[in-house]
Number of protein chains: 2
Amino acid sequence: MTRAEAADLPDDSTPRTPERLRRRTSRLLSQLTLRSDRLINDGLARVDARKWHYAVLASLLEYGPASQAALSRRTGIHRPDMVGVINELVARDLVERTPDPDDQRRNLITLSPRGRRRLRRLDALLDDLHDELLAPLAPAERDQLVELLTRLLDHHSRTP
Amino acid sequence: MTRAEAADLPDDSTPRTPERLRRRTSRLLSQLTLRSDRLINDGLARVDARKWHYAVLASLLEYGPASQAALSRRTGIHRPDMVGVINELVARDLVERTPDPDDQRRNLITLSPRGRRRLRRLDALLDDLHDELLAPLAPAERDQLVELLTRLLDHHSRTP
DNA sequence: CGTATAGCGTTAGTCTCACTAACGCAATGG
DNA sequence: CCATTGCGTTAGTGAGACTAACGCTATACG
């Protein structure tokens, strides 16, 4: 009840987000993802990489050479966008693009030795960046978050 | 070891995402947010609303009439984009835009009775949509998710 | 066999978002 | 009184997800 004058002004210096908004999971997700994406993209940009590079390189290491369409399906990158991503990777000598002898419609994308080294580098960098992203959480909490998010994503991927 | 022929083909019919990718929190976040945003936006679009409408209406109900700049700060909507949002709300009679008598630079945005009803409607709709979004999670897990996300968002909002 | 269907890589273009720059104007503080 | 700051507004940028359509090739089917 004291300081009535100050109470007149809405607390605009610290413009609190309405509770309704703060609590909505969808908003938490999009706000946090905005910051997460920025963190990851900036970090990768500093070493002339993009997250799509990582996705493709990881996919190639784990499953071996593949067509652009298969990579597209595995990474979630759309087929039209994959063209540009592969171009960038080829330009950096991280990947080779050769016609598939067994199917002339396809290009076979192969991981180069340099690409393999690059992937290791990016993995280390991403570990650091995620440490920064998840800084406020204890290890067990990080696992829990991953588990919850995975369950949700799986659910909404099965039934689009 | 049986069915050696089938083993030759990479399992392309179910194009598994590489483990490295699946585990990365940043990827889980952006993939899930993509789906979450789609769910929410589509749901709101069906009643001719957008999530910014909700944010502004909620902010007005909770803190009373405010300038566009204040609303911008509270909701996270950028000032240039706020102009259009208010225009849409005015066009739908959910909000009134009047010059602030105390400060001629400002417009005072006021919630209309119709806007108040609209907010209740949107709140109910969002409850349903979030039920769909969080379907695979038990109530306690939903709370836990909200708690973890809030901690992360707070951390990355304090220190941009 | 031959023809329809489907998959491939690619080009082009759309739409939505978050964001920046800069303007004319009004208020405030040294 | 003038410099600075804040306001609403217009315009425009850049990235990301996505669609349409094309020419080509492989496969399935009648």
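What rotation superposes chain A on chain B, and with how much shift along its axis? Fit one onto the other in your viewer: the answer is 180°, with 0.0 Å of shift and an RMSD of 0.1 Å. The two copies are therefore related as by a two-fold rotation axis. The same surface serves both, since 96% of the contact residues of chain A recur in chain B. Keep in mind throughout that this is a predicted model.

**Stop 1: chain A on its own**

Hide everything but chain A and colour by secondary structure. You should find eight helices and two strands. Walking from the N terminus, the order is α-α-α-α-α-α-β-β-α-α. Now colour by burial: of the 160 residues in this chain, 33% are buried. If you like contact maps, take the contacts in chain A between residues at least 6 apart in sequence; 45% of those join residues at least 24 apart.

**Stop 2: where A meets B**

Bring chain B back and select the interface. On one side are 53 residues of chain A, in contact with 51 residues of chain B. To see where the chain A side comes from, highlight H2 (19–23), H3 (25–45), H4 (51–63), H5 (68–75), H7 (113–133) and H8 (139–158) of chain A; each gives two or more residues to it. Colour that side by class and you get 25 nonpolar, 14 polar and 14 charged residues.

For a close-up, centre on B:Pro18. This residue sits in the loop between H1 (4–8) and H2 (19–23) of chain B. Is B:Pro18 buried or exposed? Buried, because it has 20 other C-beta atoms within 10 Å, and the cut-off for burial is 20 or more. Leaving out residues up to four places away in sequence, B:Pro18 touches A:Ala58, A:Ser59, A:Glu62 and A:Arg74. Now draw a distance from B:Pro18 to B:Lys51: the two are 33 residues apart in sequence and, C-alpha to C-alpha, 33 Å apart in space.

**Stop 3: helix H4 of chain B**

B:Lys51 belongs to H4(B), so select that whole helix. Its 13 residues should span 18 Å at 1.5 Å a residue, and the end C-alpha atoms are indeed 18 Å apart. Ten of the 13 residues are buried, so the helix is largely enclosed by the rest of the structure. Show their side chains: B:Lys51, B:Trp52, B:His53, B:Tyr54, B:Ala55, B:Val56, B:Leu57, B:Ala58, B:Ser59 and B:Leu60.

What do these buried residues pack against? Turn on H3, H5, H6, E2 and H7 of chain B, and also H2 of chain A. Just after the helix, click on B:Gly64, whose phi is positive, near 80°.

**Stop 4: the nonpolar cores**

Stay in chain B and show the largest nonpolar core, which has 27 residues. Those with the most contacts inside it are B:Tyr54, B:Ala55, B:Val56, B:Leu57 and B:Val85. H4, H6, E2 (107–111) and H7 (113–133) of chain B each give two or more residues to this core, and the largest share, seven residues, comes from H4(B).

Pick B:Val56 to see how the packing looks from one residue. Beyond its neighbours within four places in sequence, B:Val56 is in contact with B:Leu71, B:Thr75, B:Val85 and B:Leu89. Then jump to a second, separate core of 26 residues, which includes A:Ala58, A:Ile86, A:Leu94 and A:Leu122.

**Stop 5: the DNA strands**

Show DNA strand C and the 19 residues around it; A:Ser67, A:Gln68, A:Ala69, A:Pro80 and B:Gln104 come nearest. H3, H5 and H6 (79–91) of chain A, along with H6 (79–91) of chain B, each give two or more residues to this surface. The largest share, four residues, comes from H6(A). By class, the surface near strand C has six nonpolar, seven polar and six charged residues.

Finish on DNA strand D. Which of its 19 surrounding residues come nearest? They are A:Gln104, B:Ser67, B:Gln68, B:Ala69 and B:Pro80. On this surface, at least two residues each come from H6 of chain A and from H3, H5 and H6 of chain B. H6(B) makes the largest contribution, four residues. Colour by class one last time, and the surface near strand D divides into six nonpolar, seven polar and six charged.

Technical notes. Residues numbered from 1 in each chain as written. Chains lettered and ligands numbered in written order. Predicted model: local features only at pLDDT ≥ 70, side-chain atom pairs only at ≥ 80, totals over all residues. Contact = placed C-beta atoms within 7 Å. Nonpolar A, V, L, I, M, F, W, Y, C, P; charged D, E, K, R; others polar. Near = placed C-beta within 6 Å. Least-squares fit on C-alpha atoms with pLDDT ≥ 70 in both. Core = buried A, V, L, I, M, F, W, Y, C linked by C-beta atoms within 7 Å. Buried ≥ 20, exposed ≤ 12 C-beta atoms within 10 Å, placed from the backbone. Expected span 1.5 Å × (residues − 1).
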